[in-house]
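Biologist: Could you take me through this structure slowly, giving the meaning of each term as we reach it?

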Amino acid sequence: MKSAETAMKKIRYALAHNKQLEVKLSVYGMPQRRYIDLLLSLYLEECGLIELKDRLLYCMHELAGNAHKANAKRLFFERSGFDIFDKAEYEAGMGCFKQTVSDDLSSYNRLLTEQGYYVCFRFHLKGGTLALQVINSARLLQTERERIASKIEIARCYTTLTDAYTVAEDFSEGAGLGIVMIHIMLKAIGFRNFSFSVDGDDQKTVSSLFLDVTTCRPVLPAGETSVSSSM
């Protein structure tokens, strides 16, 4: 309850003063996920869209998972000696990245914290637009930028994942599939106007989702309701 009360106070202050609410995390485990669940749920209650909570939590955690993975990838390349900016070495490194990190996950999480890597969440409700951003402390590579751009373009043109699969060249690194899923899901649940982008600079990567909450007409499968999470 203490976490819920603290979150509510922060959101009330942000809404009353037209402020952006920011939460910066060094790790992204279950306790952190639950706190982000709570924050987003409170914002959706404010928008009158709490029934869409589960879908939008999926979107938020998909972006956060990509952000955490990007941080781990940078750390892996630093430790392994592969040159992340060399195409051949990048492909070679990615061939063993997932297994290496999975086998030593606790060490990687500890090192990410010690070396100052972070995942940051930003929430802002202003003028009928709910802005959701996930920032991570890793530079967006050109190859990643191109892959993400191609998936966004595919997602804009299709309404089902099956159709998107028929034209996508690859989902080899996972993030592309999640981006397509986010677009298809937002269309399916009634968001008429939204924008999504991934950008950044030499210090960070920023994934931004802007939702027009005034024109959303929630659509859920018959008989389905949103289930509240608890801290």
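**Contacts, core and pocket**

Modeller: Leaving out neighbours within four places in sequence, F123 is in contact (heavy atoms within 4.5 Å) with K19, Q20, L21, I36, L39, L40, Y43, M60, A131 and L132. This is a predicted model, in which local features need pLDDT of at least 70 and side-chain atom pairs count only at pLDDT 80 or more, while totals for chains, interfaces and linings use all residues. Residues are numbered from 1 along each chain as its sequence is written, and side-chain values use heavy atoms, with hydrogens and water left out.

Biologist: What makes a set of residues a nonpolar core?

Modeller: A nonpolar core joins buried Ala, Val, Leu, Ile, Met, Phe, Trp, Tyr and Cys residues through side-chain atoms within 4.5 Å, where buried means under 20% relative accessible area, exposed over 50%, and partly exposed in between (1.4 Å probe, protein chains only). The largest such core has 47 residues, of which L39, F121, F123, L186 and F191 touch the most other members. Helix 2 (residues 30–47) gives the most to this core, nine residues, a helix being a DSSP run of H or I with at least four residues, numbered from the N terminus.

Biologist: Why is N18 called partly exposed?

Modeller: The relative accessible area of N18 is 39%, which lies between the two cut-offs, so N18 counts as partly exposed. Its phi is near 55°, a positive value in a residue other than glycine.

Definitions and conventions
Helix = DSSP H or I, 4+ residues; strand = E, 2+ residues; numbered from the N terminus.
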